[in-house]
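I opened this notebook to record what I looked up in one structure. The entries follow in the order in which I made them.

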Amino acid sequence: MRYSIALLAGLTIANSATAQPAAQDRVDLLDLAAGALVVSASSEYNDRWSAARLLDGTTKEGWCSADGEVAPNTIVVELPQLHVISAVAVDTTGAQEAQYAGISARRIVVSGSRTSSSDGFVELVTIEAPRGGRREVALAAPAQVQWLRFEIRSNWGNAEYTELMELEAYGTPVGPSPLVSVAGVYQTDYGMMRLEQDGAVVRGCYDCCSIGQLTGSIEGRVLRFEWREDKGLDVGTAMMVASSSGDTLTGFYFRNGRLDGAWNGRRVVGRQAECTIESSAGLAGRLKATGTAVMYGITFDSNSAKIKAESETALAEVVSVLQGDATLRLLVVGHTDSTNTDEYNLRLSQQRADAVVAWLIAHGCDGARLRAVGRGESEPIAENGTAVGRALNRRVEIRVER
């Protein structure tokens, strides 16, 4: 077994063939929900089998090369900030081996850069991916990188296609994730979109489906929001990740709790959206339309009921709604994803709902008009089988008490 270690412009690199098991309590940095983005792919079969599927946190769908372009193929992923990477993994579980024998990616060279998506790459490790399985490799020494390049050099023998289902990386961020501005006009898969941003709170509209309205929040560059169409009656959720400049948005949307498709956009200059951001997109309008609203702007420290400071804008809106209607009584509902035990999730969701009510009371609201309840993981609004779905399920809802 050979190891090589080098230092180049502050980038520590390593080559190791040590396999490590997956750990449930770690955060996969190469998930859309963690702010990772595919910035380039040399080949893709189509939108369904695109490189973006390598970051969805599931092996149900993945990347496939274009017909006949088996190898080499190169995929570059950008992290939201500099990270110290300790391990990487590739997964071909779910590749269509039964229909296309040998389609699984095999030899994959992983390189890292802290310079840009096109320069400064230094080889980190070469992975021999299993046929229809997962392999994780620990680096012999940590690597400080913001871009990871995966060069797929071969597959297991198929002459037409190569498939890879998931990419993973593990490590720790260097400093806080910078908040990206997404204010502006975007051309998206569903018409022109207008976004406005107040700190972490984002509101918008889009020229589709009787004019869509959206309300949510952004953490770093990860945007979670509730969308509403058909005058507020057709409701769903979505996650988009902005590029570092905010010029592109990449994501997925959910309807009736299930992944319904991709939703991407590019910022445009000199063009305008026909829609306007209506007052109905605010909390009062959403409660009036359906009696319930997802408040992605209320966030907490991980595994904690401590409310983050950036939640104050969303919380202040709840105060304003209560002050605007003296007869209104509200139910604050905490929700979690499914990554822990039922008991733990129920307790944490109750603690978070209690914390929100306590904040509202401390800021002048009548406690007799508020009630807190935790639902744990029992009421998902997205699929817990993906990192994106789990992130959307971690939420606070405000409901009108009848």
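**Entry 1: Arg153 and its surroundings**

I began with R153, which I located in the loop between β9 (134–152) and β10 (163–164). I kept in mind throughout that the model is predicted. I then asked whether R153 is buried, partly exposed or exposed. R153 counts as partly exposed because its relative accessibility is 35%, and the partly exposed class lies between 20% and 50%.

Next I looked for its contacts, leaving aside residues up to four places away in sequence, and found that R153 touches A71, R107 and V109. I also checked R106: its C-alpha lies 7.4 Å from that of R153, although 47 residues separate the two in sequence.

**Entry 2: A cis peptide bond**

A71, one of the residues touched by R153, led me to the peptide bond that follows. The bond joining A71 and P72 is cis, with omega at about -5°. I placed P72 in the loop between β5 (63–64) and β6 (73–91).

**Entry 3: Positive phi values**

Which residues other than glycine did I find with a positive phi? C209 is one of them, with phi near 60°, and N256 is another, with phi near 55°. I found C209 in the loop between β14 (201–206) and β15 (212–219), and N256 in the loop between β18 (248–255) and β19 (258–262).

I then compared their accessibility classes. C209 counts as partly exposed, at 36% relative accessibility. N256 is exposed because its relative accessible area of 71% is over the 50% cut-off.

I noted a glycine as well: G291 follows α1 and has a positive phi, near 80°.

**Entry 4: Helix α1 and its contact with α2**

I turned to helix α1, residues 283–290, and listed its buried residues as L283, G285, R286 and L287. I then examined how α1 packs against α2. Their axes are 9 Å apart, and the packing angle is about 65°. From α1 the contact involves L283, A284 and L287, and from α2 it involves E317, V318 and V321. By class, I recorded 5 nonpolar residues, 1 charged residue and no polar ones in this contact. L283 and L287 thus appear both among the buried residues of α1 and in the contact with α2.

**Entry 5: Helix α2 against α3**

How do the axes of α2 and α3 cross? The axes of α2 (residues 312–324) and α3 (residues 342–362) come within 10 Å and cross at roughly 65°. The two helices are therefore roughly perpendicular, a description that covers angles of 65 to 115 degrees. I noted the crossing as right-handed.

On the α2 side the contact is made by E312, L315, A316, V318 and V319, and on the α3 side by V356, W359 and L360. I counted these by class as 7 nonpolar, 1 charged and no polar residues. V318 takes part in the contact with α1 and also in the contact with α3.

I also looked up G324, which is found in α2. G324 counts as exposed, because its relative accessibility is 65%. Its C-alpha is separated by 18 Å from that of M295, 29 residues away along the chain.

**Entry 6: Confidence**

Finally, I checked the confidence of the prediction. The mean pLDDT of the protein chain is 91, and 94% of its residues reach 70 or more. Over residues 1–24, however, the pLDDT is below 50. This stretch has 62 contacts in the model beyond near neighbours in sequence.

Definitions and conventions
Residues are numbered from 1 along each chain as its sequence is written. This is a predicted model: local features need pLDDT of at least 70, side-chain atom pairs count only at pLDDT 80 or more; totals for chains, interfaces and linings use all residues. Side-chain values use heavy atoms; hydrogens and water are left out. Axes are lines fitted to C-alpha atoms, for helices over the stretch in contact, and angles run from 0 to 180 degrees between N-to-C directions. Helices (H or I, at least four residues) and strands (E, at least two) are DSSP runs, numbered from the N terminus. Angles under 35 degrees count as roughly parallel, over 145 as roughly antiparallel, 65 to 115 as roughly perpendicular and the rest as oblique. A crossing is left-handed if the near helix is turned anticlockwise from the far one by less than a right angle, and right-handed if clockwise. Contact means heavy atoms within 4.5 Å. Ala, Val, Leu, Ile, Met, Phe, Trp, Tyr, Cys and Pro count as nonpolar, Asp, Glu, Lys and Arg as charged, and the others, Gly among them, as polar. Buried means under 20% relative accessible area, exposed over 50%, partly exposed in between (1.4 Å probe, protein chains only). pLDDT is the predictor's confidence in each residue, from 0 to 100.
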